[in-house]
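Here are a few exercises to work through with the model open in your viewer. Try each one before you read its solution.

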Amino acid sequence: MFAAAAAALLVAMAMALVRAVAGPTVYDRILAVNAIGTKTLLMIAVVGFLTRRPEFLDIALVYALINFIGTVAVTKFVKHRHLGHPANLNGEGEL
Amino acid sequence: MRHALSLFLILFGLWLIMSGHYLGWLVALGAASAALTVWIARRLEAIDHEGHPLHLAWRGMPYWGWLLVEIVKSNIDVARAILSSPAAIDPSVFKIKAGQRDELGWAVHANSITLTPGTVTMAIDADGTFTVHALTRASRQGVESGEMDRRVSRLMGEA
Amino acid sequence: MIAGLLDMASWGLVLAGSLVILVGTLGLLRLPDLFTRLHGTGMTDTMGAGLLVLGMLLQTTDWLIAVKLVLILVFLAITSPTTSHALASAALYGGLTPWRLSDRKDEP
């Protein structure tokens, strides 16, 4: 059963990879990479159950956080061309 | 101070659950790292009722249940739209006025809109006007009916 | 008997979750522009991950593992709308205009 889920996740990752390569805008690529990251984290959990090694869940949790921070950081960099750029002129930060 | 203490307890509880080790000096290390995180959060000025709105977690139970049902319903809607695309989609951008008073209420409302597939909050103005992107006509009507707005207002009023 | 029933329910949930993930990713491929594609990934992040994790929850008896599985869902529920909103606002800021039904002729 988990093998079927892992196969479905692999197919979905390949589909998202097509979108990441095809683009056409940089935002589509970021979205596709984020989607691949979500599927990877589910994949890690599924493989953990498949091989009966639930410690994998810790890695999945860390992956969820890194995936989020990475996506937001890249999005902010693309938006402002700078990671320390304030969103408003009054200096308030925004994602 | 109350918020700092509750943040420490949450972080330490999380540490205990995640580690699964309960030896004396390891637990002390966990407490130390939780304390360090609280200190950093204080320096970031991230500790207030918005930082970890725990009061919403328990009193909002009926709301979270309703949101879950909405997510399932809109998932089915979006799945149907994707499978029969491009005939079934009719994307539109529209503005709604959020009825909540403070930014925490706006954040809960905007995130609820985004969490239900089919609608994404694209921008929030300073006066609480949301710019929302909807995938289908049904998902647009779902947001425009104001049901979610009323429920979030009630949730924020209770809390 | 009960174990078999739980096993079947978990089967169904995992397969349904996989299906939702596939459909959501299909949306990522088929829908016409970034803003509509966001809804496709939204499906994967909410119901796809939810059903898959629920199916895994039924397979475990260790409460530590169960808590971690639920935590994955909680993280996803917080991070997924945040990234969606960040991407949508960045794309708006970057000058992308949302696709309308009247633009359909331009699409292949």
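**Exercise 1.** Work out what share of the 159 residues in chain B is buried.

*Solution.* Keep in mind that this is a predicted model. Start with the cut-off: a residue goes down as buried when its relative accessible area is under 20%. Run that over chain B, and buried residues come to 40% of its 159. Then look at the outside: chain B exposes about 8600 Å², with 64% of that supplied by carbon and sulfur atoms.

**Exercise 2.** List the elements of chain B in order, then decide: is the chain a compact globule or more spread out?

*Solution.* Count the elements: there are seven helices and three strands. Read from the N terminus, they go α-α-α-α-β-α-β-β-α-α. Now for the spread: the globule rule gives 15 Å for 159 residues, but the radius of gyration of chain B is 20 Å, well over that, so the chain is more spread out than a compact globule. As for its extent, the C-alpha trace spans about 60 × 35 × 25 Å along the principal axes.

**Exercise 3.** Describe the charges of chain B.

*Solution.* Tally the side chains: 14 are positive and 14 negative. Next, take the centre of each set; the two centres lie 4 Å apart.

**Exercise 4.** Size up the interface between chain C and chain A.

*Solution.* First, the residues: chain C brings 43 to the contact and chain A brings 42. Next, the area: about 3800 Å² is buried between them, 82% of it from carbon and sulfur atoms. Finally, the top contributors: Leu29(C), Met56(C) and Leu87(C) supply 15% of what chain C buries against chain A, more than any other three residues.

Definitions and conventions
Residues numbered from 1 in each chain as written. Chains lettered and ligands numbered in written order. Predicted model: local features only at pLDDT ≥ 70, side-chain atom pairs only at ≥ 80, totals over all residues. Heavy atoms only, no water. Helix = DSSP H or I, 4+ residues; strand = E, 2+ residues; numbered from the N terminus. Rg over C-alpha atoms; globule rule 2.2 N^0.38 Å. Buried < 20%, exposed > 50% of the residue type's maximum accessible area, 1.4 Å probe, protein only. Areas by Shrake-Rupley, 256 points an atom, 1.4 Å probe, with all protein chains shown as cover. Lys, Arg positive; Asp, Glu negative; His and termini not counted. Charge placed at Lys NZ, Arg CZ, Asp CG, Glu CD. Contact = heavy atoms within 4.5 Å. Buried area = accessible area lost by both parts, 1.4 Å probe.
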